[in-house]
Amino acid sequence: MATNIDFKNIWKQQTSNKPNMEELLGKLKKFRNQNLRRLIFSNIGLITTSLLILFIWYRYQPEMITTKIGIVLVVLGMAIFLFAYNKMFMVFYKIDQTQSNNEYLQSLYVVKSKQKFMQTTILNLYFIMLFLGICFYMYEYTSRMTLGSGILAYAVTLAWIAFNWFYLRPRTIKKQQGKLDELINKFEEINNQLKES
Amino acid sequence: MVFEEIYELYWQRIFRLCMGYVNDTELAQDLAQETFIIVWQQLPKFRNESNIGTWIFRIASNNCLRQIEKEKKFAKTDLPINLEEKKQESMEPQIQMLYQFISELPETDRIIISLELEEVKQAEIAHIVGLSESNIRVKIHRIKEKLTQKFKENGY
């Protein structure tokens, strides 16, 4: 093979203006804030909703144990969902970026596969707890209605739950999984480039 | 080593590595900047066990590999016409060609050849990528053959 093309020389001729330090440090600050903001927002969501529900508990003083179980289930469901969400987010940011490419690709692959499993499991758990919670919560108030309207109230709620479970949930999962699968496949493919030869 | 020194010393090298990976000036600038942000954050954790260059190149190449994750977000809004081409018109066609051909290689090959052209020792490249030295040598040989072939097809 005759390599008389001086690749190294051509390669070196490419240069780019170095952004000044201030610009870089400005970006660093923005980058830090962004991550922090995302984390804060998701947690504010959890805390305000939980506080609101606990306020309802305090304000309307439910009498039956079923109502209290319902409230606890809903709050717990949201707490688990957000806790898992935060954790997944952190895990991804904690991957050691100073490993070799080979090890790094493997960690990316492992983390993404884990994320895929977690997402489905946690989402299912969240939906089940939310639905159970609502059914329990409703009992106290429907028990005071006439039989007919009580049944109607449950029928409407169950229909709404069914719509969520059979339509919204699979769609959400499919959307999330689609993106993740693409990434997982790509990471695997790149990783395989290192295995051959 | 102080961050300012590292930045001064490695900016062009890291930029070229990113440029070889994506062949897009703006994107390469972003990737290089991200690399230095990570370097800045991780620097206190750096122990002199390994060469600082190896350490920085590892961060840079890993950041490039992760790039596909962000790519997805832009893919749909990508313009049909490559506006980047106009900007690079003034650049020597040889340089343009080399970077274009490299960016068309499989992802890990892009990193390996970029490091080789940056005159990183093959033992170091092996350490950055995580393959054996002999493996790297074979790969570099093949990639260079491929690039020569492509250059010849284009009249060089």
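The paragraphs below lead through a predicted model of two chains, A and B, beginning with chain B, passing to the contact between the chains, and ending with chain A.

Chain B is built from helices: its secondary structure comes to eight helices and zero strands, so that reading along the sequence gives the pattern α-α-α-α-α-α-α-α. Of its 156 residues, 38% count as buried. When we consider the contacts in chain B whose partners have a separation of 6 or more, residues 24 or more positions apart account for 65% of them.

One pair of helices in chain B deserves a careful look. Helix α6 of chain B covers residues 107–117 and helix α8 of chain B covers residues 133–153, and the axes of these two helices come within 10 Å and cross at roughly 90 degrees. Because an angle from 65 to 115 degrees counts as roughly perpendicular, α6(B) and α8(B) are described as roughly perpendicular to each other. Where they meet, α6(B) contributes B:Asp109, B:Ile112, B:Ile113 and B:Glu116, while α8(B) contributes B:Ile136, B:Lys139, B:Ile140 and B:Ile143. Sorted by character, the residues of this contact are five nonpolar, no polar and three charged. It helps to remember that an α-helix has 3.6 residues a turn, so residues three or four places apart point the same way.

After α6 of chain B comes a loop that leads to α7 (122–129), and in this loop lies B:Glu119. Although B:Glu119 is not a glycine, its phi is positive, at about 65 degrees. Is B:Glu119 buried or exposed? Since 10 C-beta neighbours lie inside 10 Å, B:Glu119 counts as exposed.

We can now turn to the place where the two chains touch. The contact takes 36 residues from chain A and 50 residues from chain B. On the side of chain A, the elements that give two or more residues are α1 (7–12), α2, α4 (101–142) and α5 (147–193). The residues on that side of chain A divide into 16 nonpolar, 13 polar and seven charged.

Of these elements, α5(A) can be followed from end to end: it has 47 residues and reaches 67 Å from its first C-alpha to its last, which is close to the 69 Å expected at 1.5 Å a residue. Within α5(A) there is nevertheless a kink of about 35 degrees at A:Leu168, shortly before the proline A:Pro170.

Helix α4 of chain A holds A:Met118, which counts as partly exposed because it has 15 C-beta neighbours inside 10 Å. Leaving aside residues up to four places away in sequence, A:Met118 touches A:Ala84 and A:Met88. A:Met118 and A:Tyr85 are 33 residues apart in sequence, and their C-alpha atoms are 9.2 Å apart in space.

In helix α2 of chain A we find A:Ile56, which is partly exposed, as 14 other C-beta atoms lie within 10 Å. The C-alpha atoms of A:Ile56 and A:Ile71 are separated by 9.4 Å, and these residues are 15 residues apart along the chain.

Finally, the loop between α2 (21–60) and α3 (65–93) of chain A contains A:Gln61. The phi of A:Gln61 is near 40 degrees, a positive value in a residue other than glycine. A:Gln61 has 8 C-beta neighbours inside 10 Å and therefore counts as exposed.

Terms used. Residues are numbered from 1 along each chain as its sequence is written. Chains are lettered from A and ligands numbered from 1 in the order in which they are written. This is a predicted model: local features need pLDDT of at least 70, side-chain atom pairs count only at pLDDT 80 or more; totals for chains, interfaces and linings use all residues. Axes are lines fitted to C-alpha atoms, for helices over the stretch in contact, and angles run from 0 to 180 degrees between N-to-C directions. Helices (H or I, at least four residues) and strands (E, at least two) are DSSP runs, numbered from the N terminus. Angles under 35 degrees count as roughly parallel, over 145 as roughly antiparallel, 65 to 115 as roughly perpendicular and the rest as oblique. Two residues are in contact if their C-beta atoms, placed from the backbone, lie within 7 Å. Ala, Val, Leu, Ile, Met, Phe, Trp, Tyr, Cys and Pro count as nonpolar, Asp, Glu, Lys and Arg as charged, and the others, Gly among them, as polar. A residue is buried if 20 or more other C-beta atoms lie within 10 Å of its own, exposed if 12 or fewer, and partly exposed in between; C-beta atoms are placed from the backbone. The expected span of a helix is 1.5 Å times one less than its number of residues. The bend at a residue is the angle between axes fitted to the seven residues ending there and the seven starting there.
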